[in-house]
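I opened a notebook for this structure. These are my entries, in the order in which I looked things up.

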Amino acid sequence: MNNIPLTATAKAHTNIALVKYWGKKEPQLIIPNTGSLSVTLNDFYTTSTVTFANDLKEDQVTIDDYQLTSEEKTRVVSFLDIVRNMSGCQLKARVTSNNHVPTAAGLASSASAFAALATASTHALGLDLSTTELSILARKGSGSACRSIYGGFVEWLAGDSDQTSYATPVTSNLSDLNLVVLNVNKNKKKIGSRHAMAESVATSPFYKEWPNVVNQDLKTVKQALLDDDFTTLGMTSELNAMRMHALTLSADPSFLYFNGTTLKIIEEVHHLRQSGIECYCTIDAGPNVKVLCQNQHLDAVIAHFTPLLGATNVTPTKMGPAVTLL
Ligand code: PMV
């Protein structure tokens with residue numbers, strides 16, 4: 001164990017899917033039914049320090065100064081078990097994670113958390129993984145985490161086995177993109193994405209169309225990125241998000257991630273577009289909204305939503321980088 005550092009710190013940025021992942025074909029290994037495509041964000045990230053030590057009787061996990069209870073940390077412990085089995089070292093670990101989200105934006109994300117944890121824990125145990133191997137590992141913590149290994153635009157190739165399901169960077173000529181994160185509610189989401197997507201797969205009569213929707217949207221978005229075509233990118237992303245949420249509305253029992261403010265923002269985005277301020281929205285498994293726009297309209301979008309939500313809940317960001325070791 002002489003050359004093994006036993007401790008490492010990594011920084012991973014969160015990502016927002018423009019073509020969403022919604023449904024698994026293999027829940028244990030987290031193999032999705034479809035591919036997905038995201039953009040990594042610059043201003044939202046997690047740093048995670050992992051230290052393996054002799055004196056620890058069990059794994060300790062602290063997130064933003066809060067020490068997780070046994071129940072809360074099971075997902076992290078299972079993940080560390082995978083890393084321990086890969087390395088052959090059975091030491092317990094101390095994990096200290098901090099979510100860096102500007103002001104009150106409330107976008108703490110399992111994507112950045114598990115990408116940082118995968119990178120820090122494997123490095124601490126002296127495992128020298130390729131980015132593809134890191135992406136495969138991060139996927140087992142949280143599906144969307146496999147995309148946070150890379151910066152910029154990233155596609156998760158669905159695959160059909162552990163070794164064939166991973167993320168890869170997407171070629172883009174897009175020259176101008178801002179995302180304005182609108183924080184509507186920073187309380188924990190009511191229905192976790194894991195359970196919610198399983199319900200949609202099992203009970204929405206519309207789910208069978210979802211793979212066709214995603215395949216078409218992936219082609220359209222990748223072409224839009226090559227063509228520097230913001231309009232097609234925005235329109236396709238917004239429609240893909242709405243169609244994902246249609247799968248929750250059409251599940252039995254039906255459920256909804258939007259609240260009243262979310263609906264108001266969607267309407268406002270439509271109004272802004274009609275008045276010549278080109279912007280589009282996307283929404284994940286919660287009420288918060290991300291608005292896509294170009295530089296020429298950024299000030300107008302921020303000015304429009306600030307009175308409604310307050311300045312601390314309106315956070316502009318740009319594309320962010322890949323995971324790094326600190
Ligand atoms: O990786 P999870 O289990 O947090 O699921 C992510 C689900 C969405 O954010 C709604 C879509 C996506 O592709 O990120």
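**Entry 1: Asp-64.** I started at the loop between β5 (60-63) and β6 (66-67), where Asp-64 sits. The model is predicted, so I read every value here as computed. I looked up the backbone angle of Asp-64 and found phi near 50°, a positive value in a residue other than glycine. Most residues other than glycine have a negative phi. I then asked myself whether Asp-64 is buried, partly exposed or exposed. Asp-64 has a relative accessible area of 37%, so I noted it as partly exposed.

**Entry 2: Ile-30.** I looked at another positive phi. Ile-30 has phi near 60°, and it is not a glycine. I found Ile-30 in the loop between β2 and β3 (31-32). Its relative accessible area is 2%, so Ile-30 is buried.

**Entry 3: a cis bond.** Next I checked peptide bonds. Most peptide bonds are trans. The bond from Asp-252 to Pro-253 is cis, with omega near 5°. I placed Pro-253 in the loop between α6 and α7.

**Entry 4: aromatic pairs.** I stayed with that loop, since a ring there caught my eye. The structure holds 5 aromatic pairs. I took the pair of Trp-22 and Tyr-257 and asked how their rings are arranged. The ring centres are 6.4 Å apart and the planes stand at 85°, which is over the 60-degree cut-off, so the pair is edge-to-face. Then I traced both partners along the chain. Trp-22 is in the loop between β1 (7-19) and β2 (24-26), while Tyr-257 is in the loop between α6 (230-249) and α7 (260-274). They are 235 residues apart, so I wrote down that the pair links distant parts of the chain. Phe-255 joins Trp-22 and Tyr-257 in a cluster linked by ring pairs. I looked up accessibility too. Trp-22 is at 2% and counts as buried. Tyr-257 is at 7% and counts as buried.

**Entry 5: a charge over a ring.** I looked at Lys-11 and Tyr-45. The charged end of Lys-11 sits over the ring of Tyr-45, 4.3 Å from the ring centre.

**Entry 6: the nonpolar cores.** In soluble globular proteins, nonpolar side chains tend to be buried together. I went to see which residues touch the most other members of the largest nonpolar core. That core has 71 residues, and the answer is Trp-22, Phe-153, Leu-177 and Leu-233. I followed Leu-233 further. Leaving aside neighbours within four places in sequence, Leu-233 is in contact with Leu-18, Leu-174, Leu-177, Val-221, Ala-224, Leu-225 and Leu-292. There is also a second, separate core of 20 residues, which includes Phe-258, Ile-266, Val-289 and Cys-293.

**Entry 7: Ser-237.** From Leu-233 I moved along to Ser-237, in helix α6. The side chain of Ser-237 reaches the backbone oxygen of Leu-233 at 2.6 Å. Ser-237 is at 1% relative accessibility, so it counts as buried. Not counting residues up to four places away in sequence, Ser-237 touches Leu-18, Thr-282 and Leu-292. I also looked up its distance to Leu-218. The two are 19 residues apart in sequence and 9.6 Å apart in space, C-alpha to C-alpha.

**Entry 8: Thr-119.** I turned to helix α2 (residues 110-124), which holds Thr-119. A polar atom of the Thr-119 side chain lies 2.8 Å from the backbone oxygen of Ala-115. At 6% relative accessibility, Thr-119 counts as buried. Beyond neighbours within four places in sequence, Thr-119 is in contact with Ala-10, Leu-134, Ile-149, Val-323 and Leu-325.

**Entry 9: helix α3.** I went on to α3 (residues 131-139). Buried there are Leu-134, Ser-135, Ile-136, Leu-137, Ala-138 and Arg-139. I asked what these residues pack against. They pack against β3, α1 (74-87), α2, β8 (153-157) and β9 (166-169).

**Entry 10: the ligand.** Last, I looked around the ligand. It is surrounded by 14 residues, and the closest are Tyr-21, Ser-142, Ser-144, Arg-147 and Ser-193. I listed some polar distances to ligand oxygen atoms:

- Ser-144 has a side-chain N or O atom 2.8 Å from a ligand oxygen.
- Ser-142 has a polar side-chain atom 3.1 Å from a ligand oxygen.
- Gly-143 has a polar backbone atom 3.4 Å from a ligand oxygen.

Methods:
Residues numbered from 1 in each chain as written. Predicted model: local features only at pLDDT ≥ 70, side-chain atom pairs only at ≥ 80, totals over all residues. Heavy atoms only, no water. Phe/Tyr/Trp six-rings, centres within 6.5 Å; stacked < 30°, edge-to-face > 60°. Helix = DSSP H or I, 4+ residues; strand = E, 2+ residues; numbered from the N terminus. Buried < 20%, exposed > 50% of the residue type's maximum accessible area, 1.4 Å probe, protein only. Lys NZ or Arg CZ within 6 Å of the ring centre and 35° of its normal. Core = buried A, V, L, I, M, F, W, Y, C linked by side-chain atoms within 4.5 Å. Contact = heavy atoms within 4.5 Å. Near = heavy atom within 4 Å. Polar contact = N/O pair within 3.5 Å; in protein donor to acceptor, adjacent residues only side chain to side chain.
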